[in-house]
Amino acid sequence: MKDLVCLHAGTSGPETWDRFVPEFEALGYRVHCPALLGHGTAPRRRPYRLDDFRDQVLRDLDGLGRITLIGNSLGAFVASAVAVAQPDRVDRLVLEEIPIPPRTTADGAPTTRELPRLALLVTGWLARRRCDPTLLRDVITDLRRPNPTWWSGLPAVTAPTLILAGGPKSHLDQTRFRLLATTMPQATITTIEAGHRIHTHTPDRWLAEVKPFLAFKNG
């Protein structure tokens, strides 16, 4: 049986994948849905840095062999970072609405619009039952920083990669997905105009794209 790891978005949680687990199990996967740092009962470690999320997931996966990764938003970036760290271990990647950090200080930001600092704090406070209220502010700050190490590691990720874009309803800069796809050897882009959390807003359309991409693993 193959191992499939599903990583949730910031301020979300592992339960966001519950409705899809039976579908993945029917394809022959053993499904793992860990909580990211600062969410639920997972450890809290301020400030929250992107490398820390990656390292925590790698620790959570200790003992597994080759894996397929699915992630949404922050979870998508963490999935890509795991693949950059251990490219030979990853069979396939599904990156749903991945925020793409700048390459240099001259490069663009992941988003087309930025939330003011106060709005980030309010959003974090409203999500405090699910995650550390400071987490969202720290993550967005880190995603706005140039990340040349991540960019330089992407060409080594040869696993087939499905990039899911949410279209104009999303706050992410959709033009950056093409930049990512041209950097990864086997990446393709599919747009489902549902906004940032495609799997939540249009689960049937999401599954229609993801299941065929993963189904080759059966048997």
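This tour of a predicted model visits a helix pair and then a pocket.

**Stop one: the helix pair**

Select residues 50-60, which form helix α2, and residues 74-85, which form helix α3. Draw an axis through each: the two axes come within 9 Å and cross at roughly 70°. Angles of 65 to 115 degrees count as roughly perpendicular, so α2 and α3 are roughly perpendicular to each other. The crossing of these two helices is right-handed.

**Stop two: the contact between the helices**

Show side chains next. On the α2 side, pick L50, F53, R54, V57 and L58. The residues of α3 that they meet are L74, F77, V78, A81, V82 and A85. Colour this contact by residue class: 10 of its residues are nonpolar, one is charged and none is polar.

**Stop three: the second largest pocket**

Keep R54 selected and add D51, N147, T149 and W150; among the lining residues of the second largest pocket, these five lie nearest its centre. The pocket holds about 240 Å³ of space, and its lining has 14 residues in total.

Which elements give two or more residues to this lining? They are α2, α3 and α6, the last of these spanning residues 148-153. Select α3 again here, as this helix gives the most to the lining, with four residues.

Finally, colour the pocket lining by class. Seven of its residues are nonpolar, five are charged and two are polar.

**Where the stops meet**

R54 is the residue to leave labelled: R54 is on the α2 side of the contact with α3, and R54 is also one of the residues nearest the centre of the second largest pocket.

Terms used. Residues are numbered from 1 along each chain as its sequence is written. This is a predicted model: local features need pLDDT of at least 70, side-chain atom pairs count only at pLDDT 80 or more; totals for chains, interfaces and linings use all residues. Side-chain values use heavy atoms; hydrogens and water are left out. Axes are lines fitted to C-alpha atoms, for helices over the stretch in contact, and angles run from 0 to 180 degrees between N-to-C directions. Angles under 35 degrees count as roughly parallel, over 145 as roughly antiparallel, 65 to 115 as roughly perpendicular and the rest as oblique. A crossing is left-handed if the near helix is turned anticlockwise from the far one by less than a right angle, and right-handed if clockwise. Contact means heavy atoms within 4.5 Å. Ala, Val, Leu, Ile, Met, Phe, Trp, Tyr, Cys and Pro count as nonpolar, Asp, Glu, Lys and Arg as charged, and the others, Gly among them, as polar. On a 1 Å grid over the protein atoms alone, a cavity is a set of points where a 1.4 Å probe fits but cannot get out, and a pocket is an open set with protein on both sides within 12 Å along at least five of seven lines; lining residues have an atom within 4 Å of a point. Grid points are joined across faces, edges and corners, and a volume is the space filled by probe spheres set on the points.
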